[in-house]
Amino acid sequence: MRLKSKKVIVTGGASGIGRAICTVFAAEGASVVIADIDEPGSMETLSLIQSAGGHAAAITTDVSSEESVAKMISASESFLGGIDILVNDAAAFVFGKLEDVSRKDWEVVFGVNVIGASNTVKHSLPFLKKSASPNIVNIASVSGFIAQPAFVPYNASKGALLQLTKCMAMDLSEFKIRVNSVCPGAIYTPATERHIAFENADRDEFLKKAGEGSFLKRVGRPEEVAYAALFLASDEASFITGTQLVVDGGATV
Ligand SMILES: NC(=O)c1ccc[n+]([C@@H]2O[C@H](COP(=O)([O-])OP(=O)(O)OC[C@H]3O[C@@H](n4cnc5c(N)ncnc54)[C@H](O)[C@@H]3O)[C@@H](O)[C@H]2O)c1
């Protein structure tokens with residue numbers, strides 16, 4: 001019960017890491033709003049939480065639309081009765097070398113991964129300011145601080161999200177709002193399956209290669225990221241702000 005009675009919004013909660021964050025946070029006593037563009041996926045997460053006895057609601061949201069976010073935050077506040085914790089997990093996965101990337105691609109990846117996170121923060125702020133222990137956790141990536149082949153738009157957006165975290169941690173400190181990032185390495189999720197299909201790769205070979213770069217010689221599980229987010233979101237991390245917690249099995253050490 002490390003998040004007992006906490007009121008939480010998780011974007012990207014319909015799948016993968018975001019779903020694990022929703023279920024772990026709810027199991028730790030939080031009330032959770034699942035805010036995702038994928039309605040059926042959100043309903044699956046909701047039913048996982050409810051069947052385990054947790055308290056949650058799903059609100060279909062496109063984080064890249066300020067109007068959609070404003071509606072979601074207002075409905076969340078009504079459902080939760082306040083907002084203590086915001087987790088920005090939703091992401092667009094746009095890859096390629098610079099010459100492969102169109103202006104539209106840049107708009108999509110920054111629209112979700114950077115502007116999406118700033119939309120949710122902006123509209124949650126009036127409520128976070130009223131919380132006794134407010135904080136924001138951004139799910140960034142090791143891709144935010146390393147180079148990877150043909151990953152230009154995604155990595156640039158995650159680098160921007162890391163800077164957004166640091167700058168917001170400074171500016172929001174006057175309201176005692178902590179802001180941190182989690183930087184996952186290779187984690188096995190539906191996004192991994194899409195990447196395997198995109199590269200037309202052999203699944204076992206792909207996963208073996210993805211895990212080889214880490215000290216632990218495997219890819220991670222969504223829950224292993226969720227527990228890092230749980231620590232940062234909990235009062236146990238009360239003196240931690242502006243930092244990034246790397247969850248990559250040692251891959252970038
Ligand atoms: N899987 C990995 O290896 C890995 C590694 C590093 C970082 N991450 C980060 O972890 C987070 C979760 O990734 P995942 O692997 O679980 O991916 P995923 O595809 O399983 O989940 C991403 C979720 O974001 C939602 N989403 C996308 N666009 C949205 C929008 N405009 N508005 C609202 N929701 C939207 C999707 O519907 C989906 O439910 C992302 O921020 C990703 O960048 C993942």
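**Exercise 1. Identify which atoms of Thr61, Thr189 and Arg194 lie close enough to the ligand to form polar contacts, taken as pairs of N or O atoms within 3.5 Å.**

Solution. Begin with Thr61, where a backbone N or O atom lies 3.4 Å from a nitrogen atom of the ligand. Turn next to the side chains: an N or O atom in that of Thr189 is 2.6 Å from a ligand oxygen atom, and a polar side-chain atom of Arg194 lies 2.8 Å from an oxygen atom of the ligand. Finally, consider cover: of the 830 Å² of accessible area (Shrake-Rupley method, 1.4 Å probe) that the ligand has on its own, the protein covers 90%.

This is a predicted model, in which local features need pLDDT of at least 70 and side-chain atom pairs count only at pLDDT 80 or more, whereas totals for chains, interfaces and linings use all residues. Residues are numbered from 1 along each chain as its sequence is written, and side-chain values use heavy atoms, with hydrogens and water left out.

**Exercise 2. Describe the shell of residues around the ligand, counting those with a heavy atom within 4 Å of the ligand.**

Solution. The ligand is surrounded by 29 residues, and the closest are Ser15, Asp36, Asp89, Tyr154 and Thr189. Sorted by class, the shell has 16 nonpolar residues, 7 polar and 6 charged, where Ala, Val, Leu, Ile, Met, Phe, Trp, Tyr, Cys and Pro count as nonpolar, Asp, Glu, Lys and Arg as charged, and the others, Gly among them, as polar. Among helices (DSSP runs of H or I, at least four residues, numbered from the N terminus), H1 (16-27), H6 (152-171) and H7 (190-199) each supply at least two residues of this shell, and H7 gives the most, with 3 residues.

How values were computed
A residue is near a molecule or strand if one of its heavy atoms lies within 4 Å of it. A polar contact is a pair of N or O atoms within 3.5 Å; within protein, one must be able to donate a hydrogen and the other to accept it, and residues adjacent in sequence count only if both atoms are side-chain atoms.
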